[in-house]
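Visitor: I have a model open and would like to learn how to read its helix packing and its hollow spaces. Could you walk me through it?

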Amino acid sequence: MSEALLEVRHLKKYFPAGRNALLKAVDDVSFCINKGETLGLVGESGCGKTTVGRTLIRIYEPDGGKILFDGQDISRVNRTQAKELTRRMQMVFQDPYASLNPFYTVGEVIAEGFSIHGMYPNKKERQERICELLEMVGLHRDHAGRFPHEFSGGQRQRVGIARALALDPSFLICDEPISALDVSIQAQVVNMLIRFQEQMNLTYLFIAHDLSMVRHISDKTAVMYCGTMVEYGKTQEVYDHAAHPYTRGLLSAVPVADPDYEASHSRIPMDGEVPSPVNPAPGCRFAGRCHHATDQCRGETPVLKDVGGGHLAACHLL
Ligand code: SF4
């Protein structure tokens, strides 16, 4: 039986938004990722998926819920525990340029964590490890002495991945790691992540809005809308039998390179505005854009229900 590496239960992250107002960026989100698996987290911009990743790695402190990492409750951690946690849990950021210190050489960027964690104190061994990491991600060992601005976007993201792998983590949060890259480079980076996962038994949270790529890389998929999780399950189930109207709308908008398919399928319109996550009203947050909405939807918040085999969706229609 697969063993869970990360279990997130009823996670909440709220931000103050003026007097007596709270922006509920993540509101009661739960999921589980088994060792060696990838969970794809999808949804439109501003739905809270990046906040989930940042709360897991403690860029933000959670405001509620529980986070279990390898069986240990890490919802509240002291400085020593946080340090160990950041060794085992690393993040690959969306914008590789903004996430690399422009005044550090690539070698220094990769080695930053070594000093913090007392790894590779021997200078020669440290240099060898930096070169090994650069070669692993398809760069040359001579690149260690260059600065981030001397690289292309794809190469910078490779440096970001080398830095994330430097401390031998077991869990990577990949936050839109390909969305800033040229289409021709995206597949190379994703395939590299898949290869590393197989070689090092890594576990991934893959945050993205590109549903095709998420389908390619993920074992399970979670769909977020306005701070809440609306659908969750095995990727094939979610993609082939989407239960929530929002997921069905998102999937209908994915272009398919098949003119016959495109001609026979129409997009499900999702007109209207995404509601504000500041003090959200009760009821389904998707009601303003859903063509099936009823009075019940506007007054009563739907909860996640199992629609079969652990495939969950939050909709009163089900
Ligand atoms: Fe649409 Fe109602 Fe389901 Fe929300 S609960 S997705 S408004 S049918």
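Guide: We'll take the helix pairs, then the cavity, then the pocket.

Guide: Some housekeeping. This is a predicted model, where local features need pLDDT of at least 70, side-chain atom pairs count only at pLDDT 80 or more, and totals for chains, interfaces and linings use all residues. Residues are numbered from 1 along each chain as its sequence is written, and side-chain values use heavy atoms, with hydrogens and water left out.

Visitor: At what angle do H3 and H5 pack?

Guide: Helices (H or I, at least four residues) and strands (E, at least two) are DSSP runs numbered from the N terminus. Axes are lines fitted to C-alpha atoms, for helices over the stretch in contact, and angles run from 0 to 180 degrees between N-to-C directions. Here H3 (residues 106-116) and H5 (residues 153-165) pack at about 25 degrees, their axes 8 Å apart. Angles under 35 degrees count as roughly parallel, over 145 as roughly antiparallel, 65 to 115 as roughly perpendicular and the rest as oblique. H3 and H5 are therefore roughly parallel to each other.

Visitor: Which residues make that contact?

Guide: Contact means heavy atoms within 4.5 Å. H3 brings Val106, Val109 and Ile110, and H5 brings Val159, Ala162 and Arg163. For classes, Ala, Val, Leu, Ile, Met, Phe, Trp, Tyr, Cys and Pro count as nonpolar, Asp, Glu, Lys and Arg as charged, and the others, Gly among them, as polar. The contact of H3 with H5 has five nonpolar, no polar and one charged residues.

Visitor: How do H3 and H4 cross?

Guide: The axes of H3 and H4 (residues 123-136) come within 10 Å and cross at roughly 120 degrees, so this pair is oblique. From H3 the contact takes Val106, Gly107, Ile110, Ala111, Phe114 and Ser115, and from H4 it takes Arg126, Arg129, Ile130, Leu133 and Leu134. By class, that is seven nonpolar, two polar and two charged.

Visitor: And what about H5 and H6?

Guide: H5 and H6 (residues 183-200) have axes that come within 10 Å and cross at roughly 15 degrees. That makes H5 roughly parallel to H6. H5 puts in Gly154, Gln157, Arg158, Ile161 and Leu165, while H6 puts in Ile185, Gln188, Val189, Met192, Leu193, Phe196 and Met200. The class count for H5 with H6 is eight nonpolar, three polar and one charged.

Visitor: On to the hollow spaces. How many cavities of 30 Å³ or more are there?

Guide: On a 1 Å grid over the protein atoms alone, a cavity is a set of points where a 1.4 Å probe fits but cannot get out, and a pocket is an open set with protein on both sides within 12 Å along at least five of seven lines; lining residues have an atom within 4 Å of a point. Grid points are joined across faces, edges and corners, and a volume is the space filled by probe spheres set on the points. The count comes to one cavity of 30 Å³ or more, and the largest cavity holds about 80 Å³. Its lining includes His244, Cys284, Cys290, His292, Cys297, Cys315 and His316. By class, the lining has eight nonpolar, three polar and no charged residues.

Visitor: Which strand gives the most to the lining of the largest pocket?

Guide: That's E2, with five residues. The pocket has a volume of about 470 Å³. Of its 26 lining residues, Asp28, Thr228, Met229, Thr301 and Pro302 lie nearest its centre. E1 (4-16), E2 (22-34) and E10 (228-234) each supply at least two lining residues.
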